[in-house]
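Reader: Hello! I am new to this structure and would be glad of a close look at one part of it, with the surroundings filled in afterwards.

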Amino acid sequence: MMKKFLLPISIAAMLFSACGSDSSNDSGVAVNPPADDPQTPPIETPVNPASSATVGDDPNPQPIESSASLEISSASEMPLDTSFVPEGDTSSISGITGNDMPFEILTEEIEKDRQYVAASAITDYETVQSVYESLEEGDKVAFVIRHGRRESGVGVESKLTEAGIEQSQRLGGFLASSEAFSYGHTDFVRTRSTAINIAYGRGEDTTSFQSVITNRLVASTYIKDMELFEQYKKDSTASINEGEVYSQWAFDGLLTSAFYDLEARAVQTIVQGIIPNMSETNRVNIFISHDMFLMPLMIYVSDRKIDRLRYHVSKKGVYYLDGVAVVIKANGERRYHVVNGIEFGT
């Protein structure tokens, strides 16, 4: 049986310092409806305006929902250790990149990417496991997924709940293999903890866990005018509802004055924010991010073909461990997948 590694909880102060006041980068309020009534709109709880989390993750814990439409094969038989809360050794973090990506229209990359989106032909979710198992010789992949279930707080130091630890370890069990993975995350405690628990679930020795921080995988990447964005939030039908604002922009092409062009910014993020952080040696990369960063990216790569991502209508949005897989083929072409980790809301 695998040993339980209890690492010192020392990362929170460092992460808070690294993030500064940009805890506005985590986002999406209560995107999951109650499990017993999937049609019930989420109950919104306003974020304390004194908090630094101006664009926060959903302030209400989300229910763990069973999958009605997506079967996932059994994980490894390794018992889950939900007491394991590895906050990490700060010396193992490297490659910090700021959220400092000036908007640029990469015309040539956009033209190529239109072909890649069309060739990907996404119409529904796939599991992270199935995409991993379908990789061909020469392929490399970056799974960019949302963190596991977290505490009710939306700040930088908000940690995973026991359920979030279990979710992350279980996903790691689905990905158990002998090959080495690379990991990255934003500078939030819960995203790093998700990454290290996935590694633990895979059977990796997390006492030597290494990762990179990239702050380009955050929701504010898409915002051109924060003041106008905040006004749109106030005008939305639910208090502080970032999800409604982001999905109206990304899915329906509304509220565009507050945002950069979706296609241009998504392509730039893939080319300048995701691919450069992929390992040169390991073919599988797992980056842990946040729901409101992922929602526009998932809408873009799926060419608006998945109605559940139209959050202002579906009220479903991005669940824990959902995200995007960016596959780099041996010939340099890209293929995209919208992926689900272990839990899928109905």
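At what angle do helix α7 and helix α9 pack, and how far apart are their axes?

Author: Welcome! Please keep in mind that this is a predicted model. Helix α7 covers residues 242-252 and helix α9 covers residues 291-301; they pack at an angle of about 20 degrees, and their axes are 9 Å apart. An angle under 35 degrees counts as roughly parallel, so α7 is roughly parallel to α9. As for handedness, the crossing in which α7 passes α9 is right-handed.

Let us stay with α9 for a moment. Aspartate 291, which belongs to this helix, has a salt bridge with arginine 146, with an N to O distance of 3.5 Å. This pair ties together distant parts of the chain: arginine 146 sits in strand β3 (residues 140-146), and the two partners are 145 residues apart. Both ends of the bridge are hidden. Aspartate 291 has a relative accessibility of 0% and therefore counts as buried, and arginine 146 is likewise buried, with a relative accessible area of 0%.

There are other salt bridges to look at, for the count comes to 17. One network of them, joined through shared partners, takes in Glu109, Lys112, Asp113 and Arg334. Within that network, glutamate 109 bridges to lysine 112, and their closest N and O atoms are 3.4 Å apart. These two residues are three apart in helix α2 (residues 107-120), so about one helical turn separates them. Glutamate 109 counts as buried because its relative accessibility is 18%, under the 20% cut-off. Lysine 112, with a relative accessible area of 30%, is partly exposed.

Helix α2 also holds the pair of arginine 114 and glutamate 111, again three residues apart and about one helical turn from each other. Their side chains meet in a salt bridge with an N to O distance of 2.9 Å. Here arginine 114 is partly exposed at 42% relative accessibility, and glutamate 111 is partly exposed too, at 40%.

Now for another pair of helices. α4 and α5 pack at an angle of about 45 degrees, and 6 Å separates their axes. That makes α4 oblique to α5. The crossing of α4 past α5 is right-handed. If you want a residue to look for in α4 (residues 162-174), try serine 168. With a relative accessibility of 0%, serine 168 counts as buried. Its C-alpha lies 5.0 Å from that of isoleucine 198, although serine 168 and isoleucine 198 are 30 residues apart in sequence.

Just ahead of α5 you can find aspartate 187, in the loop that runs between β4 (181-185) and α5 (189-202). Aspartate 187 is buried, its relative accessible area being 1%. The side chain of aspartate 187 has a polar contact, at 3.0 Å, with the side chain of asparagine 215. Valine 156 is 31 residues from aspartate 187 in sequence, while their C-alpha atoms are 7.4 Å apart in space.

Another aspartate to visit is aspartate 322, located in the loop between α10 (311-314) and β7 (323-328). Aspartate 322 is buried but has no salt bridge. Arginine 308 is the nearest side chain of opposite charge, and it is 5.1 Å away, whereas a salt bridge calls for a nitrogen and an oxygen within 4 Å. What the side chain of aspartate 322 does have is a polar contact with the side chain of asparagine 340, at 3.3 Å.

Finally, have a look at helix α8, which spans residues 262-274. Ten of its 13 residues are buried, so α8 is largely enclosed by the rest of the structure. Among the buried residues are Leu262, Arg265, Gln268, Thr269 and Ile274. One more aspartate belongs to this scene: aspartate 261 caps the N-terminal end of α8, where one of its side-chain oxygens lies 3.3 Å from the backbone nitrogen of glutamate 263.

To return to your starting point, α7 and α9 are the roughly parallel pair, and from α9 you can follow aspartate 291 across to arginine 146 in strand β3.

Conventions. Residues are numbered from 1 along each chain as its sequence is written. This is a predicted model: local features need pLDDT of at least 70, side-chain atom pairs count only at pLDDT 80 or more; totals for chains, interfaces and linings use all residues. Side-chain values use heavy atoms; hydrogens and water are left out. Helices (H or I, at least four residues) and strands (E, at least two) are DSSP runs, numbered from the N terminus. Buried means under 20% relative accessible area, exposed over 50%, partly exposed in between (1.4 Å probe, protein chains only). Lys and Arg count as positive and Asp and Glu as negative; His and the chain ends are not counted. A polar contact is a pair of N or O atoms within 3.5 Å; within protein, one must be able to donate a hydrogen and the other to accept it, and residues adjacent in sequence count only if both atoms are side-chain atoms. Axes are lines fitted to C-alpha atoms, for helices over the stretch in contact, and angles run from 0 to 180 degrees between N-to-C directions. Angles under 35 degrees count as roughly parallel, over 145 as roughly antiparallel, 65 to 115 as roughly perpendicular and the rest as oblique. A crossing is left-handed if the near helix is turned anticlockwise from the far one by less than a right angle, and right-handed if clockwise.
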